[in-house]
Amino acid sequence: MANPTNKPRFWDKWFKPSGGPVSEGTSAEDPKPKDQIARDPDDEEAAALAMDIPEIDIPEFDEVNDSLEKLGMGLDAADLEEASESAGSARNAVFYLMVLSAFTKVFGFVREILLANYYGVGEVAEAYKIAQAIPMIILMIVGTGLSTGFIPAYNKADAKSGEKSADRFTSNIMNIVVIFALIFCIIVNLFPELFVKLFASGFEGEKLAITAMFTRVAVFGTVFSMMSYILQPYLNIKENFWVPAMVGIPMNLVFFASYPLAKNINIMILPIGIVVSVLVQVVWMWPFAKKEGFHYKPVVDFKDPSLRQIGRASC
């Protein structure tokens, strides 16, 4: 509170106008300069400690690089330029892959429009979607875990025994999953109505019969899908990301062709198109895998320790 009379008040003896204590015999209106006010011993000790703290000099990049060069680890201008170009190339690759992914999503949207245009929402369209969903759900459960576990298992085999051993492991796991896929296809063909009922419990009569007929054929797409789930991570290990990202293009082109053909020739072309759409993915990736050095071997070894590693990594 301001003092309009400028007369000394009884509390000015202990407090300044701002609320801070003043020394004995010092008025609030005429405080002594800071260098004349007695310092508290604790403050002097703290100030002394503060003055003993050394300043830390952060070295410049050139100084660090000079030190690294003495150890044979320095970076020259060419290294820095190469690193900058690599970072720029990585950014461009990510951008183009995002554009390609969006492009394939558009393909999928066009596929749904064409299916509705040719078959509407009738029994054939519903049977086709269920026949396509049955192997797809199985692949989501098994195939995703397989792709996840393949990469660390392959890298371990490559680091331990070399590329030939890693190729043998790749061929072995591919052959084993194809065998299990074929067994699954046989089971589905023996009991197609049972699997249809699991995914579409309300199907009866002719709708059930059409769906079971489609499912018997479409399920064989799992064989090629399992191969695709091995080839995609293999190419990613070899830093080939473009080829796996483009598999959706030939797949959707097959779908585009199968719809009018089935409408005008034979309705069974629809489930055949499902199988062919997955087959073309393998046909698309296989030559690129061979170009990266993959050599297929007809081997089946259930005792391969890498199989257990895939199981642990995919869980």
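Is E112 buried, exposed or partly exposed? In this predicted model, E112 has a relative accessible area of 38% and is therefore partly exposed. The value falls between the limits of 20% and 50% that separate buried from exposed residues. E112 forms a salt bridge with R111, in which the closest N and O atoms are 3.8 Å apart. The partner, R111, has a relative accessible area of 16% and is therefore buried. This pair thus joins a partly exposed residue, E112, to a buried one, R111.

The count of salt bridges in the model comes to five. Another of them links E163 with K238, with the closest N and O atoms 3.5 Å apart. Because E163 lies in helix α5 and K238 in the loop between α8 and α9, this pair ties together parts that are 75 residues apart in sequence. E163 is partly exposed, with a relative accessible area of 36%. K238 also counts as partly exposed, its relative accessibility being 22%.

A further salt bridge is formed by the side chains of K197 and E204, with an N to O distance of 2.6 Å. Here K197 is partly exposed at a relative accessible area of 28%. E204, by contrast, has a relative accessibility of 52% and therefore counts as exposed, since the cut-off for that class is over 50%.

Helix α5, which spans residues 163-190, also contains T170. With a relative accessibility of 1%, T170 counts as buried. Which residues does T170 contact, once its neighbours within four places in sequence are left aside? They are F150, Y154, I230, Y234 and F294. The C-alpha atoms of T170 and A153 are separated by 9.5 Å, and the two residues are 17 residues apart along the chain.

Two of the contacts of T170, I230 and Y234, carry numbers that fall within helix α8, which covers residues 221-237. S228 is found in that helix as well. At 3% relative accessibility, S228 counts as buried. When neighbours within four places in sequence are set aside, S228 is in contact with P233, Q281, V282 and M285. One of these, P233, has a number within the range of helix α8.

Taken together, the residues described here include two buried positions in helices, T170 in α5 and S228 in α8. They also include salt-bridge partners such as E163 and K238, both of which are partly exposed.

Conventions: Residues are numbered from 1 along each chain as its sequence is written. This is a predicted model: local features need pLDDT of at least 70, side-chain atom pairs count only at pLDDT 80 or more; totals for chains, interfaces and linings use all residues. Side-chain values use heavy atoms; hydrogens and water are left out. Helices (H or I, at least four residues) and strands (E, at least two) are DSSP runs, numbered from the N terminus. Buried means under 20% relative accessible area, exposed over 50%, partly exposed in between (1.4 Å probe, protein chains only). Contact means heavy atoms within 4.5 Å. A salt bridge is a side-chain nitrogen of Lys or Arg within 4 Å of a carboxyl oxygen of Asp or Glu.
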